[in-house]
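Here is a short tour for anyone who likes to look at a binding site and the strands around it. Please have the viewer open and follow along.

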Amino acid sequence: MQIKPLTRALGAEIIGADVRRAEDIPAIKQAFSDYGVIVIRQQSITPDEHLAFAQQFGEINVNRFFKALDTHPSIATVLKEPEQKYAIGEEWHTDHSYDQIPAMGSILHAIEVPEVGGDTVFSSMAAAYDALSARFKSMLEGLYAVHSSRHAFGYSTQDSEGVQSGRFANMDQATQDARHPVVIRHPLSGRQCIYVNPDFTVSIEGLTKTESDGLLNMLYEHCKQPDFHCRISWRAGDITFWDNRACWHKAINDYDGFRRYMHRVTVEGCALGA
Ligand code: SIN
């Protein structure tokens, strides 16, 4: 098995591994912990084998809003048909930050990908935190942010293409709000990571709306810098596994007219502290 770092900030590519092989799991676990994002190339696995791999990292977290695979209710489908415009996850985000116990990671298996395009970009929230000035870091200390699923998956989205096409459902279940520190201590690495994101964070507690919007937008501009990124170009069969506490991600929507179809399994996490 070869493990090659993708950038200085985060990510590694793993070649020659088989997620079904027990002896490969310890090295995969170590790479996940070291790099935050791993792409394991060329995995020919069934949905049951996808779930069995995920279960070695924790309990499965069943996503309430994504259309599930008909045969496997705990596998979410991530699909864009050739005629659809909107790609799931095209805004920078952190999966499940609206939950009080946010999911630890997501494991995406590429079933069908466009010949060109449809990459996923990740941004390291530890590298982004490290790059802040000491003054700014001390200003963030003790701040908490509120995250919500309501605006993203609730009734206000009923006319969206995601809901109309059946890719998202259960608007009535979009009732989760959660508060987390703006800077968390990563449960595996111990590194400090920025933990606010453009999709699900709604405000910073104790600040006026102007202050909160200003601070969040400044952090978002900072975290979007390519210095903190790695980018995965997919081939069918690849698995990408990312740690939601360590990074943001964004699906690049540049393949209109082509189909992209993935299976996603999400693994439960733990409460996050500063
Ligand atoms: C997601 O946000 O979970 C999907 C990312 C992708 O499709 O690349």
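Which strands each supply at least two residues of the shell around the ligand? They are β16 and β17, the latter spanning 260–267. Keep in mind while you look that this is a predicted model.

**The ligand and its surroundings**

Let us begin with the pocket. The ligand sits in the largest pocket. Around the ligand you will find Val78, Gly89, His93, Leu108 and Thr120, together with Trp242, His249, Ala251, Arg260 and Arg264.

Three of these side chains bring an N or O atom up to an oxygen atom of the ligand, as the table shows.

| Side chain with the N or O atom | Distance to an oxygen atom of the ligand |
|---|---|
| Thr120 | 2.5 Å |
| Arg260 | 2.8 Å |
| Arg264 | 2.6 Å |

How much of the ligand's accessible area does the protein cover? On its own the ligand has 260 Å² of accessible area, and the protein covers 100% of it.

**The sheet that includes β16**

Now follow β16 away from the ligand. This strand belongs to an open sheet of 3 strands, ordered β14-β8-β16 and paired in antiparallel fashion. At the edges lie β14 (229–232) and β16 (247–251), each of which pairs on one side only. From one strand to the next, the twist averages 20°.

Strand β8 covers residues 120–124 and is joined to β16 by 5 bridges, with the two strands running antiparallel. For one pair to pick out in the viewer, take Val121, whose bridge partner in β16 is Lys250. Thr120, in the residue range of β8, is also among the residues that surround the ligand. His249 and Ala251, in the range of the edge strand β16, surround the ligand too.

**A second open sheet**

There is another sheet to look at. Here 3 strands form an open, antiparallel arrangement in the order β10-β9-β13. Which strands lie at its edges? The edge strands are β10 (177–181) and β13 (201–204), and each pairs on one side only. The twist in this sheet averages 30° from one strand to the next.

Strand β9, residues 144–148, runs antiparallel to β10 and is connected to β10 by 5 bridges. To find this pairing in the viewer, start at Ser148: its bridge partner in β10 is Asp177.

Terms used. Residues are numbered from 1 along each chain as its sequence is written. This is a predicted model: local features need pLDDT of at least 70, side-chain atom pairs count only at pLDDT 80 or more; totals for chains, interfaces and linings use all residues. Side-chain values use heavy atoms; hydrogens and water are left out. Two strands pair if DSSP finds at least two bridges between them. Helices (H or I, at least four residues) and strands (E, at least two) are DSSP runs, numbered from the N terminus. Axes are lines fitted to C-alpha atoms, for helices over the stretch in contact, and angles run from 0 to 180 degrees between N-to-C directions. A residue is near a molecule or strand if one of its heavy atoms lies within 4 Å of it. A polar contact is a pair of N or O atoms within 3.5 Å; within protein, one must be able to donate a hydrogen and the other to accept it, and residues adjacent in sequence count only if both atoms are side-chain atoms. Accessible areas come from the Shrake-Rupley method with a 1.4 Å probe; for residues, only the protein chains shown count as cover. On a 1 Å grid over the protein atoms alone, a cavity is a set of points where a 1.4 Å probe fits but cannot get out, and a pocket is an open set with protein on both sides within 12 Å along at least five of seven lines; lining residues have an atom within 4 Å of a point. A molecule sits in a cavity or pocket if more than half of its atoms lie within 2 Å of its grid points.
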